[in-house]
Amino acid sequence: MTDRTKAPLPGPPRPYHFPDVTRTTLANGLRVLLARTHNAPLVSMRALIRSGADHDQPELAGVASITADLLDEGAGSRDAIRLAEDIGLLGATMGTGADWDASYASLDVLARYANQAMEIFADVTTRPQLPAEGLERVRAERLNDLLQQRDEPSMIAAKRFSGLLYGKGPYGFPMSGTMESVPKIGLDHVRDFYRQHYVPNNASVIVSGDLEPEHALKLVEGALGDWGRGTEPPRPSPIPKEIEGNRIYLIDRPAAVQSEIRIGHIGVSRSSSDYFALSVMNALLGGIFNSRINLNLREKHGYTYGARSMFAFRRSAGPFVVAAPVRNEVTKESVHEVLSELRRIRTGDVEDRELHDTKSYLMGVFPATVQTASDIASRLLDMELYGLPENYFDRYRENIGAISKADIERVAKKYIDPDRAVIVIVGNAKQVREPLGTLGYPIHELDIDGNAIA
Amino acid sequence: MLNLEQYELGNGLRVVLNEDHTSPLVAINLWYHVGSKNERPGRTGFAHLFEHMLFSGSEHVGNNEHFRYVQSVGGVLNGSTSFDRTNYYETLPSNYLALGLWLESDRMGFFLPALTQEKFDIQREVVKEERRQHYDNVPYGTSFERLLNLAYDPDFPYQWPTIGSMEDLGAASLDDVRNFFTTWYRPDNCTLTVVGDFATDDAKRLIEEYFSEIAPGGTFPEFTAERKPLGGERREVFTSPVQLPRIYRLYHLPKMGAPDWIYGDLLSTVLAADKASRLDRVLVHEKQIAQDVAAYILPTEASGMLMMQATAREGVSIETIEAAIDEEIARLVNDGVTEDEMIRARNRAEIEHAHHLENYDERADIIGMFTTFFDDPQVVNTWLEPYENATAADITRVAREYLVAENRATSLFLPEGQPS
């Protein structure tokens, strides 16, 4: 009979190496990163433009993301449909987009078509047509998206939460724009944003996958070497709002059968020297399945299908947020449990085992998250965006391994504040209003656009 | 070509090994050949609820300890339930292969002693929240459920979604859990696939050690349900709190793997996959009457389905959208699929398959699927052949034969307060 009473011991650990990365900068300032992988006949190409929605003016919110959407509405000599046809003929998929920190173009392709795909990739990144009829189409699509989001509780909660933390400035308005801002965006705004920010000295290109680096470099040089330099744009800074004490913001959805809860405040930037301590602390608190908040709300109480906490590490301090959808009847209890967990993590009450398990998860999971060419490209993209050192992935385990209980307590006290939190509830006000009142925090009722309801 | 080693243990457990030392990882993947199609009326949602229970501990593994064992060594894990199967999987650093096999064998062979009413009650609540989060509290959330209700008769068990109904979830008992486990969770109803960084002989020895003493089930209830023809289009109009009207269609197809299912897969790409595909190009790009369109087929074993949907732009009626879809289908049937479209559709199938094989987790999962559905893991190496051999005429014929009103269910979601 097999002895099942004890978990089997591991064998000796096998070494893991992040693929070698070839780095170079072209004469026009474009940074190029190349990584060879061997597990599939696929190649991933990524362009990173180090400017995103953080450059949007509040009254013109949406310019960065609409510019990105327009990249593949015609580029080089191809119109939008021809471009999609030619991408399809190469067995490729293409995507473009923007977030707060950056804008992106990505193309994944069968390796045998990498040469032709690079031409299209370069056209989209450096020679988009940004046509008037494309803008009108994308604008209409965006306005319809915004309309649909008015019925999506998680979207309503996220928008209100950001607005309450950052007000009308960057990080506060939606990256995708608003019903008011999107109609005001003109072709000039889009073309100006493109001209100012899509310049090689504000960009990096990454090619990973089944392609020799020397060959990949030739392709990049050939396709992107003549991309004209510009002026590196300035970096804007979001301005946080002052939060004086816990406040509940209740947004009514009369038909809701769940409350979407968001609890949090402003967090910390990606460049923080406490990044590793915060990563461990958050994973233990609510970042993974076996974290305190999920075990409490889901596995102990059955309040939710899943509860999570996260720090949005951006170029400037993004939010710290706990998110959970819970059934109406346990809304107050869930808020109470989350706040209790936020208080407990600050007391330094951390068991040896949970600290060990969490660190060991973070140290061990890395190889499983970088199996594909596209995974590797994403990691390199992060490295470029946040200026991480070249040995970052090699030193990651060591940096996580060094985190102690004292570090957890220190960063929890410094970066988590359960007494100055914004608490957003999108749910059935009639059912949850009264119980929430017993928590003793002021309740402000808002409509889904954030206007106070008298 | 993937190099596969396949064999069966004495108790009927099917094993497929794919040794690959690219990454220092192992992906362990179990496909139990049971899903919501094996549920009985009154207990819909049970296969999925049961899946949750299998994470709540077994004789030698405490509640939530399964997750802890895997995560605390840097592993990732989950499970999922569909109509035909339930899968459980973890990807671990490769020196923890034995740990993963120990965990999976414990819940396969020694689950019942750890079962309690309390754990069951908690997971029932969790699953109800899952249903609320993904179905009841979001726009269009019940669309799939409504479409299945319409497209199948109650005697065919694709008639309900795997999440099941609130009422049935509430009615499930601990005895149901015991019976379900005893009936279905046996080694001879399971395929174990292991992909990654191990020596095949070592893996075989460990699998023998952990799984061979688990008793087989012997016989399993036979699946005999047959889908009857619809006897005409089935339609439903439903008003709900959504902003934009949306049309959902389900066209019946033969089961997964049949030639016409493969052609249906290619057809769905021709219809809606990118801006150049037919419905996208005309409805979204040229006429700009639709906000989005989609067409795809599901990997189902007992009967196939091609799903289609389109959302109307603000101010556009759903009739306009439906007429435009039908016009494009008629055009495709009359003029035929072009050679360029064939190349693009085949390429897309090829790149999707390559992506599935690229990481160990997904590779193990599709090998498990091919072994379960087709009794042959080698299908993973030949899967694209029928796609490569498909002709434009095949696709056009499938469109003509299957994309007809008598073969579909149509569900219209309209905003509240608008005339239907």
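**Notebook: two interfaces in a predicted model**

I began with the layout: chain A splits into domain 1 (21-224) and domain 2 (247-446). A reminder to myself that this is a predicted model.

**Entry 1: between the domains of chain A**

I looked up the spacing, and the C-alpha centres of domain 1 of chain A and domain 2 of chain A are 29 Å apart. For the contact between them, I noted 34 residues from domain 1 of chain A and 33 residues from domain 2 of chain A.

Next I checked the area. About 2,900 Å² is buried between domain 1 of chain A and domain 2 of chain A, with 67% of it from carbon and sulfur atoms. On the side of domain 1 of chain A, I found that Asp101(A), Phe161(A) and Leu164(A) lose the most area to domain 2 of chain A, together 20% of what that side buries.

Then I turned to charges and polar groups. I counted four salt bridges between domain 1 of chain A and domain 2 of chain A, and 14 residue pairs in polar contact across that interface, both residues at pLDDT 80 or more. Which elements bring domain 1 of chain A to this contact? I listed β1 (21-25), β2 (31-36), β3 (42-49), β5 (103-110), α5 (153-166) and β6 (203-209) of chain A, each supplying at least two residues. The largest share, ten residues, comes from α5(A). By type, I sorted this side of domain 1 of chain A into 18 nonpolar, seven polar and nine charged residues.

I also looked up one salt bridge by name: Glu390(A) pairs with Arg23(A), their closest N and O atoms 3.7 Å apart.

**Entry 2: between chain A and chain B**

I moved on to the chain contact, which takes 75 residues from chain A and 76 residues from chain B. The buried area is about 6,700 Å², and carbon and sulfur atoms give 55% of it. In chain A, I noted Arg4(A), Tyr305(A) and Gln371(A) as losing the most area to chain B, together 12% of what that side buries.

How many salt bridges cross the interface of chain A and chain B? I found ten. A salt bridge I wrote down joins Arg327(A) and Glu125(B), the closest N and O atoms being 3.5 Å apart. I also recorded 33 residue pairs in polar contact between chain A and chain B, both at pLDDT 80 or more.

Elements giving two or more residues to the chain A side include α2 (80-89), β4 (92-98), α4 (132-149) and β10 (317-327) of chain A. Of the elements, α4(A) gives the most, with seven residues. My last tally for the side of chain A that touches chain B was 36 nonpolar, 18 polar and 21 charged residues.

Notes. Residues numbered from 1 in each chain as written. Chains lettered and ligands numbered in written order. Predicted model: local features only at pLDDT ≥ 70, side-chain atom pairs only at ≥ 80, totals over all residues. Heavy atoms only, no water. Domains from an automatic or database assignment. Contact = heavy atoms within 4.5 Å. Buried area = accessible area lost by both parts, 1.4 Å probe. Salt bridge = Lys/Arg side-chain N within 4 Å of Asp/Glu carboxyl O. Polar contact = N/O pair within 3.5 Å; in protein donor to acceptor, adjacent residues only side chain to side chain. Helix = DSSP H or I, 4+ residues; strand = E, 2+ residues; numbered from the N terminus. Nonpolar A, V, L, I, M, F, W, Y, C, P; charged D, E, K, R; others polar.
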